[in-house]
Amino acid sequence: MLAWWAFLDESQELLALETVFEIEHIYAKSRQDKEKSLTNTKNLEALGNKAMLEKRINIRASDYRFEDKKKYYNGYINSRKQEKKGTKINELLSLANTKDDFIEADIIKRTNDMIERFMQYIADNGLAQ
């Protein structure tokens, strides 16, 4: 489902077959452990809180707040003047460039959007009764 969602975007480039992906929790589990800001902890595992992310980035970004994850999504230059490339997943880049934070309301909205669009896709392709 996450791969389908990422590549539903027609502007999403195809990525190298060698690319290793992990499931990214946009709202980090460790953030909930510290802040306890989600009213429903089940939203941590909701579809709308997950995205495909290249493993090389997820290793660095996994436990950060969204405002800090944006740096890893977009890419950055480290203290040794080395370029650390960002993700090639358009949706995560869009989130990083348009949102200051990713909160429970965003998880719920994204979950609903994903499910609604998937159901529409099924209907459009004659797969639903």
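This short dialogue walks through helix 6 and lysine 55.

Q: What kind of model is this, and how are its residues numbered?
A: It is a predicted model, where local features need pLDDT of at least 70, side-chain atom pairs count only at pLDDT 80 or more, and totals for chains, interfaces and linings use all residues. Residues are numbered from 1 along each chain as its sequence is written, and side-chain values use heavy atoms, with hydrogens and water left out.

Q: How many residues does helix 6 have, and what span should they give?
A: Helices (H or I, at least four residues) and strands (E, at least two) are DSSP runs, numbered from the N terminus. The expected span of a helix is 1.5 Å times one less than its number of residues. Helix 6 covers residues 104–124, 21 residues, so 30 Å is expected, and its end C-alpha atoms agree at 30 Å apart.

Q: Which residues of helix 6 are buried?
A: Buried means under 20% relative accessible area, exposed over 50%, and partly exposed in between (1.4 Å probe, protein chains only). In helix 6 the buried ones are Glu104, Asp106, Ile107, Arg110, Thr111, Met114 and Ile122. They fall within an arc of 155° seen down the helix axis, so they line one face; the arc is taken from the directions from the axis to the C-beta atoms. Exposed Lys109, Glu116 and Asp124 sit on the face turned away from the buried side of helix 6.

Q: What does lysine 55 touch?
A: Contact means heavy atoms within 4.5 Å. Leaving out residues up to four places away in sequence, lysine 55 touches Val20, Phe21 and Glu22. Lysine 55 lies in helix 3 (residues 55–61) and is partly exposed, at 36% relative accessible area.
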